[in-house]
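Colleague: Could you walk me through this model and explain the terms as we go?

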Amino acid sequence: MWIYEKKLQYPVKVSTCNPMLAKFLIEQYGGADGELSAALRYLNQRYSIPDRVIGLLTDIGTEEFAHLEMIATMIYKLTKDATPEQMKAAGLGDHYVNHDNGLFYHNAAGAPWTATYIQAKGDPIADLYEDIAAEEKARATYQWIINMSDDPDLNDALRFLREREIVHSLRFREAVEILKEEKDKKRIF
Amino acid sequence: MTKQLPPEFYELMEQLQAVDFVLVELNLYLDNHPNDSEAIRQFNHYVKERKKLRNAVESIYGPLMHFGHSYSGDPWNWIDAPWPWQV
Amino acid sequence: MFTLYKTYRPFVGPFDPCPPIRVKSFSTPPNLYIGFQPNNFPQFTPMEALRAGTLWKPLYDPYYNSRELAKGGNPL
């Protein structure tokens, strides 16, 4: 069961009316290394991983939904009052003719989200290495989006999200160590 | 748009976000370090802190959670705007 | 000197059409060097932690674009 809380994880602010940034941010909404992929990847892998790391996958997967809501908030704020002309000028004309100002799970290039973005190999080490890679790829994506943006408030929230990738990556790396059973144990050969 | 929130809402909400963020961080850490008693003590301390802040936020904003995890006002005020992406 | 950003110098060919970027940099975040987090890592205060995106000081590694860096970024 999941319980919703009417609150963002981080206070998202946007300082400029710039719908073009929404076009870039969509990458982290419905892209391969975006927050939707992350949430679904971890919560799905829970069912075929040793009990010792199910809690971690549950908690990080749940946090990813909070990040998805932050990205949605950024896109919502950047496009809320954008006219069709502004959407077109921002490169969002293709989006507009299908969705008006509605959000949709696709990447910055308009490719719809697909389950092929995520893997569940059923092998704990393979899955955790996939998760580590996913965190590093999301970290890099946040860097490239920050490179495209001059909005100080938006970049502040994007830095928060990038830092979360660093922490999650460490936790998944620790999970690998736990499964190797080297942690808290003397090495005996 | 129905109600505008007073400035103190934003301040209180940010305090709650800060405490809840510490809880998330300690939670993920403890998932991998279940025997760190000091971190557990700290976690339980912030659970208490969040209860106080949550009551303060709800007195201005209405219920933060659904499905019986928050008390309701009369009339039912869970459905009231603004939602998190609107505030 | 230890740094969380590494650089390399890509080959510059005589027929490259664009002005060359002589030094490329990439991020090597702190998670790569920690392995298994030890107990008692130094912490931020709750409000600082929220701003930083992590409770743990040794994990803090903010990223700024070149325009932000020119203005000195705005580290905690």
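Modeller: Happily: 26 residues of chain C are in contact with 29 residues of chain A, contact meaning heavy atoms within 4.5 Å. This is a predicted model, where local features need pLDDT of at least 70 and side-chain atom pairs count only at pLDDT 80 or more, while totals for chains, interfaces and linings use all residues. Residues are numbered from 1 along each chain as its sequence is written, chains are lettered from A in the order in which they are written, and side-chain values use heavy atoms, leaving out hydrogens and water.

Colleague: What area do chain C and chain A bury between them?

Modeller: About 2,200 Å², 49% of it on carbon and sulfur atoms. Buried area is the accessible area (1.4 Å probe) that two parts lose on being put together, summed over both. Asn31(C), Phe36(C) and Tyr63(C) supply 31% of what chain C buries against chain A.

Colleague: Why is the pair Arg51(C) and Asp156(A) called a salt bridge?

Modeller: The rule asks for a side-chain nitrogen of Lys or Arg within 4 Å of a carboxyl oxygen of Asp or Glu. Their side chains meet at 3.3 Å, N to O, so the pair qualifies. Across this interface the rule finds four salt bridges.

Colleague: What makes a set of residues a nonpolar core?

Modeller: Its members are buried Ala, Val, Leu, Ile, Met, Phe, Trp, Tyr and Cys residues joined through side-chain atoms within 4.5 Å, where buried means under 20% relative accessible area (1.4 Å probe, protein chains only). The largest such core has 62 residues, and α1(B) gives the largest share, twelve residues.

Definitions and conventions: Buried means under 20% relative accessible area, exposed over 50%, partly exposed in between (1.4 Å probe, protein chains only). Helices (H or I, at least four residues) and strands (E, at least two) are DSSP runs, numbered from the N terminus.
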